[in-house]
Amino acid sequence: MEINVKTPEKTYPIKIGFDNLYLLEELLEGASKAIIVTDENVYGLYYKKVEEIFYKIKEKKGLEFRWKVLTGGEETKNLKNASELYDEACDFQMDRDSFFVAFGGGVIGDLCGFVASTYMRGTRFLQLPTTLLAQVDSSVGGKVAINHPMQKNLIGSFYHPEAVLMDLNFLLTLPEREFNAGLAEVVKSAILRDRDYFYFVKDYLDKFSSLESKKSKQDLVKIIGRACEIKAEIVKQDEKDHGIRQLLNLGHTFGHALEGMTGYSYFKHGEAVMWGIIFASRLSFEQGILSENDKNEIYEIINELNPPPLPEKFVPQDMERYFATDKKRRGSVIPFILPLEIGKAEIFKEIAISDAISVVDD
């Protein structure tokens, strides 16, 4: 399956399938050098498989390459690791026709993309996402960033890859918790734009009892492909996040606050988004917008993803400090993305922060 992301600045393909790593040769055409950026976990599982492909390209096209292996986890997205990548690129004498290859989850993709966007004011990069969350969300749309202690993704830019290559075989070793974290973004996309897709995903979760059966080829391609289509459609209309693209932050205003409050170590991103969707749905219902039936259906599908409990010492009022540094904030206004119904959402700019915190306190 192939989807084209079209924006005013760039058009690039998303290639989705199984056993498609051979496409790397085509996607790296014209490059003389590449740095493959990954983390220790992904490297341990897959470096031989990927290195074999790169050696074949080297033999045929003369591509020189090297690895940069980082520790895993959200804390990896920092200025120190960005600086190390700049040093690596300088040492390798990379130029603007060279490639950074982001091989891993969303953390690696965000960090690698940020460095690519700023090294020599812009160097080519390729997204090779290995987690479901990265495949349906962070690898698509051109947002790249590193974290600041005050807020996740606070330092970043808009910079698109040359392509996104998704080999779904990488999902076969994904733990259930990671897989469910990715499905949170799938559910988010369905709530935003496609009621039928929402029920397709719900049936998919109801139908399969084991993680292995959830990774069936036909259903996975459709689920991932439709999520990417929805995101690409929205990005096309608002590349720089000034308007409709903010819809993609459904659940994220609450979710990013939860991640920050817990030091980015308790929740996986998708798990924080699960809670964020619950809070956004509850807020919409309390505001008289979302029907009780749709609210309950959203609760049900999120519960099937097994979100972790809120921390015991969680204080809802502490969210206000993180809302204050939300990237969507304009002056004193923080937009909240609320579902109107399953398949439709809007941006609301007149929601009081006290009302938002009250639904977390329920």
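## A residue in the core

Phe 254 touches ten listed partners beyond its close sequence neighbours: Gly 276, Phe 279, Ala 280, Leu 283, Met 319, Phe 323, Phe 336, Ala 356, Val 359 and Val 360. Residues up to four places away in sequence are not counted there. The model is predicted.

Phe 254 belongs to the largest nonpolar core, which has 77 residues. Within that core, Phe 254 and Ile 224 touch the most other members. A second core is separate from this one and holds 25 residues. Among them are Leu 21, Leu 24, Phe 54 and Phe 65.

## Salt bridges across the chain

Side chains of opposite charge can pair when their charged atoms come close. In this model the count of salt bridges comes to 29.

Take Glu 26 and Lys 15. Their closest N and O atoms are 3.9 Å apart, and the two residues form a salt bridge. Glu 26 sits in helix H1 (residues 24-27), while Lys 15 sits in strand E2 (residues 11-17), so the pair ties together parts that are 11 residues apart in sequence. Is each partner buried or exposed? Glu 26 is partly exposed, at 47% relative accessible area. Lys 15 is buried, at 11%.

Lys 68 and Glu 88 form another salt bridge, with 4.0 Å between the closest N and O atoms. This pair links distant parts of the chain, 20 residues apart. Lys 68 lies in strand E4 (residues 64-70), and Glu 88 lies in helix H3 (residues 79-91). Lys 68 counts as buried at 15% relative accessibility. Glu 88 is buried too, with a relative accessible area of 18%. Both count as buried because the cut-off is under 20%.

## A bridge within one helix

Where does the salt bridge between Glu 84 and Lys 80 lie? Both residues are in helix H3. They are 4 residues apart, so about one helical turn separates them. The closest N and O atoms of this salt bridge are 2.9 Å apart. Glu 84 is partly exposed, with a relative accessible area of 26%. Lys 80 is exposed, at 57%.

Which residues do shared partners join into one network? Salt bridges connect Arg 66, Lys 68, Lys 80, Glu 84, Glu 88 and Asp 91.

## Two positive phi angles

Most residues other than glycine have a negative phi. Two residues here have a positive one. Met 120 has a phi near 55°, and it is not a glycine. Met 120 lies in the loop between helix H4 (106-118) and strand E6 (124-129). It is partly exposed, with a relative accessible area of 38%.

Tyr 264 also has a positive phi, about 55°, although it is not a glycine. Its place is the loop between helix H10 (252-261) and helix H11 (269-286). Buried or exposed? Tyr 264 is buried, with a relative accessible area of 15%.

## A buried aspartate

Asp 219 lies in helix H9 (residues 217-237). At 13% relative accessibility, this residue counts as buried. What is Asp 219 in contact with, leaving aside neighbours within four places in sequence? Its contacts are Phe 200, Tyr 204, Lys 207 and Phe 208.

Notes:
Residues numbered from 1 in each chain as written. Predicted model: local features only at pLDDT ≥ 70, side-chain atom pairs only at ≥ 80, totals over all residues. Heavy atoms only, no water. Salt bridge = Lys/Arg side-chain N within 4 Å of Asp/Glu carboxyl O. Buried < 20%, exposed > 50% of the residue type's maximum accessible area, 1.4 Å probe, protein only. Core = buried A, V, L, I, M, F, W, Y, C linked by side-chain atoms within 4.5 Å. Contact = heavy atoms within 4.5 Å.
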